[in-house]
Amino acid sequence: MATSVAGEGCQSLNGITSDHQTKKLTDLPTELLEHILCFPVLKHVDICNVSCCCQRLHDVCHGRGKVWGHQYKLRWPRLQRFYRQNESCDWLREYKTRHRVGIQIRRTVESISKRFFTEVVLGDSFAEIESLGMPEHFCEDELLFILNSDKRKSLTLKYYAKKILYFLRQQNILRSLKTFLEQPVEQQSALGGAVLVDQYCNPLADVTLDSISAQLDEITEKVKKMLRIKNPSHPSLRSTQGECFVLEDFDHQRQAVSALNSVLYEQLQYKGNAMDYYNPLNSYIHQVLLRRTGIPISLSVLYMTLARKLGVQLEPVNFPNHFLLRWCQKPRGSEDIYDFVYIDAFGKGKQLTAKECEYLIGHQVTADYYSAISTTEVLLRMVGNLLNIGKRGEGNEKSYQLLRDSLDLYLTINPDNVQYLLLQARLYFHLGIWPEKVLDILQHIQALDPSQHGAVGYLVQHTLEHIQHKKHPVTPEMKRRSTPEHLEVQYSVGLIMKHKRSGYNCVIYGWDPKCTMSQEWITTMRVHQLSNGANQPFYNVLVQDGTCRYAAQENLEPHSAPLEIGHPEVGRYFSEFADTHYVANEELQTRYPEDMDETLVTVQELYHRLASDSGTQDHPAPATDQNEHQAMPM
């Protein structure tokens, strides 16, 4: 570590006489050494090596010092928000912990693919992440690091990392929801609850109460700007953001509501989504703000929140088939339903009498339906809408996920609802997930309502059988192309195909030598109209639009210009996109052991030959410029 210097009376190369005293790197001030060791080119391995050179450098690189703090921030910049500025911290210990967490997370994610490849829905596989007992923000950071790595590679790792991140964030949101429900009723805001519902159903989206509130503040400022034109002395104009106040004068209230309607429905063009009413996006607050459309309850939550920011107190009304808000017209309050104006946020803020509300739904209702409800009841109604959408779904993974999420939310809010407990147990049983949890749910149902013993007994029996079956896993079937019954199979897994009739793009992830679907499916899909009918190879394909299909060989052809298939399940079967094809992961190769070699031969023949032909046809004419003649081809 010592620097070489000239002796007394000697000159250095630049002609300057050097000091006879030998100077060493370690003689430099600590601040300068720290500055040198914080150069971006130095990695943690370099710092470890430097700190082993001598006691002086070891002291400079101490755990709480600037050097390891810089290394930590350089490698994991997303974690900086968890530390206060200039916080004294043992950065070396933090670095080691984060590094160890990364290794454990990667091992766990890699093992999940091998153990749960055949599972339609991954249930209890992620609980082991929680059992590792590691800091949550470290786990999440490593999962995000995996997801943000090379787009075309490590697809299987990313597939399961995304699912684990989904699970971990949902567990955090459920804890936040329970804390929210434990607050005094007067401190529970409908907006806060609606954001938690939104976050739980969209855990990978960037949805926060602060960001939603900021957008509502912007709308409030637009309303105040309009109020300022109509009444420059309006009391709402003197309020500040976050200030809680109530307008006592009814003229001022009416002016505020009128301005709110003008801005929300005329200027910003918010409207009820009658054309696509059962789209779950209508229930998510961040999507309502983004798309400026929603259903009665989501629009009512926004409207009520905005009105309160302007000093107008509105109350939620659990009206059947059409959520409403009520606005008391008496100064001292009242419970007479005729002392209220009812606001239809879905209908552009239209104000209704009690009788007109009945015309809205087409039948009479009792006075109870006009009563104000609590925030908890608002959330139950909101989650109930999502539950109904999930039940109306097509039985695919997306609808099952919505049904699971909405059941989780509903039973967190109302844990003793027997109807939905039974639905949850049946759903888990149908999907083959969490058998131990199914037994716990069934035991809870039996304690709440002994009359359910018939349904409970049936599910208990079959769940125990399922647990026994899982203890003896079935060896996966292997399909070899070389066997005589598979000789007619032309295409292999990983090839990117185009459907000749429907025109969709897809990638093959499985095949059968003959159609294996039921006779009902064959008749419905009119397979008999194909030239080879059902007696030809059929392929399992992931389609660009997110669906999974079963296509006949005669309807498929290799794509002329291979492209990535944007399907959420690609990572389950493939580890990499290699420009012309997808590379099957270990689990898929185990089931189709001869397919990858066939795929490589096929893409070599198809695309490399085409590229060679294209290069020959499109070869440019010889250059005539003198400088061009000097350029040598590579």
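**Close-up 1. Ser154 in the loop between α7 and α8.** In this predicted model, Ser154 counts as partly exposed, because its relative accessibility is 35%. Ser154 belongs to the loop that runs between α7 (136-147) and α8 (155-182). Take a look at the backbone here: phi of Ser154 is near 50°, a positive value in a residue other than glycine. As a reminder, most residues other than glycine have a negative phi.

**Close-up 2. Asn321 in the loop between β3 and β4.** Here we turn to a loop between strands, with β3 (315-317) on one side and β4 (324-328) on the other. Is Asn321 buried or exposed? With a relative accessible area of 59%, Asn321 is exposed. Asn321 is not a glycine, yet its phi is positive, at about 65°.

**Close-up 3. The aromatic pair Tyr72 and Trp91.** A pair of aromatic rings is described by the distance of the centres and the angle of the planes. For Tyr72 and Trp91, the ring centres are 5.3 Å apart and the planes stand at 45°; the pair is therefore tilted, since that angle falls between the limits of 30 degrees for stacked and 60 for edge-to-face. The two residues are 19 positions apart and link distant parts of the chain, with Tyr72 in helix α4 (residues 66-75) and Trp91 in helix α5 (residues 91-116). Both Tyr72 and Trp91 are buried.

**Close-up 4. The aromatic cluster around this pair.** Which residues join Tyr72 and Trp91 in one aromatic cluster? Trp68, Trp76, Tyr83 and Tyr95 do, together with the pair itself. Across the model, the count of aromatic pairs comes to 22.

**Close-up 5. The packing of helices α18 and α19.** Helix α18 (residues 435-448) packs against helix α19 (residues 453-470) with the axes 9 Å apart and an angle of about 165° between them. That angle is over 145 degrees, so α18 and α19 are roughly antiparallel to each other. Their crossing is left-handed. On the α18 side, the contact includes Pro435, Val438, Leu442 and Ile445; on the α19 side, the residues include His453, Val456, Leu459 and Lys470. Sorted by type, the residues of this contact are 10 nonpolar, four polar and two charged.

**Overview. The chain that holds these views.** To place the close-ups, it helps to step back: the secondary structure of the chain comes to 24 helices and 13 strands. Of its 634 residues, 46% count as buried. Among contacts with a separation of 6 or more, 59% join residues 24 or more positions apart.

Notes: Residues numbered from 1 in each chain as written. Predicted model: local features only at pLDDT ≥ 70, side-chain atom pairs only at ≥ 80, totals over all residues. Heavy atoms only, no water. Axes fitted to C-alpha atoms, helices over the stretch in contact; angles between N-to-C directions. Helix = DSSP H or I, 4+ residues; strand = E, 2+ residues; numbered from the N terminus. Parallel < 35°, antiparallel > 145°, perpendicular 65-115°, else oblique. Left-handed = near helix turned anticlockwise from the far one by under 90°. Contact = heavy atoms within 4.5 Å. Nonpolar A, V, L, I, M, F, W, Y, C, P; charged D, E, K, R; others polar. Phe/Tyr/Trp six-rings, centres within 6.5 Å; stacked < 30°, edge-to-face > 60°. Buried < 20%, exposed > 50% of the residue type's maximum accessible area, 1.4 Å probe, protein only.
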